[in-house]
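Q: I should like to learn how to read the sheet, a helix and the pocket of a protein model. Please take me through them one at a time.

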Amino acid sequence: MNYNFYGWKTAVVKPINSGYPSINSPRDLYDVLSNIWCAETCAPRMRDRWTSNNKTLGQCSITAFLAQDIFGGKVFGILRDGGNYHCYNVIGNCVFDLTSEQFGDEKLIYDNNSEQFREEHFAKEEKRLRYELLKKALLEYVKREV
């Protein structure tokens, strides 16, 4: 399969959480999430622009924290205009951004960004609820595959 997310070639980390059968790499996670991301899991401020052709739009923080649950590591954020952060994952020397495709040809800078913490992000109830929805859908999906 041809991937377009940032870091897909080097995203070879193994899961630290065995609760997600069939998810053995970030590419596996991307494959499954491509079937799960939806308008309901999109950030409300972007929901009117979400389409099945741009599935990663508005999915960054909940996806990055879910990837952290599975693979460990840290979540970092690129400060965007308007004060929001675009989140991505760092595990050792491996940097990957499962939702980078939402930015098209824009080149994001993955160096010297601040670490992001779920406690801060999930202080927004809507974001916590979207994360829980995505996590539940992922668990249901991988259990069907077993």
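The dialogue below treats the sheet, then one helix, then the pocket.

Q: What kind of model is this, and how are residues numbered?
A: This is a predicted model, in which local features need pLDDT of at least 70 and side-chain atom pairs count only at pLDDT 80 or more, while totals for chains, interfaces and linings use all residues. Residues are numbered from 1 along each chain as its sequence is written, and side-chain values use heavy atoms, with hydrogens and water left out.

Q: In what order do the four strands of the open sheet lie?
A: In general, strands of a sheet pair through backbone hydrogen bonds, either parallel or antiparallel. Strands (E, at least two residues) and helices (H or I, at least four) are DSSP runs numbered from the N terminus, and two strands pair if DSSP finds at least two bridges between them. Here the order is E3-E2-E1-E4, with antiparallel pairing. Strand E3 (94–96) and E4 stand at the edges with a single partner strand each, so one side of each has no neighbour in the sheet.

Q: Which residues stand opposite each other in E1 and E2?
A: Strand E1 (residues 74–79) pairs with E2 over six antiparallel bridges. Phe 76 stands opposite Tyr 88 in E2, and Ile 78 has His 86 as its bridge partner there. The two strands form a hairpin with five residues between them, and Gly 82 in the turn has a positive phi of about 95°. E1 is also joined to strand E4 (residues 114–116) by three antiparallel bridges, where Gly 77 has Ser 114 as its partner.

Q: Is H2 mostly covered or exposed?
A: A residue is buried under 20% relative accessible area, exposed over 50% and partly exposed in between (1.4 Å probe, protein chains only). In H2, twelve of twelve residues are buried, including Cys 60, Phe 65 and Phe 71. Gly 72, with a positive phi near 80°, follows H2.

Q: Which residues are closest to the centre of the largest pocket?
A: On a 1 Å grid over the protein atoms alone, a pocket is an open set of points with protein on both sides within 12 Å along at least five of seven lines, and lining residues have an atom within 4 Å of a point. Of the 23 lining residues here, Arg 45, Cys 60, Asn 84, Tyr 85 and His 86 are the closest to the centre. Helix H2 (60–71) and strand E2 (85–91) are among the elements that give two or more residues to the lining, whereas H4 gives the largest share, three residues.

Technical notes: On a 1 Å grid over the protein atoms alone, a cavity is a set of points where a 1.4 Å probe fits but cannot get out, and a pocket is an open set with protein on both sides within 12 Å along at least five of seven lines; lining residues have an atom within 4 Å of a point.
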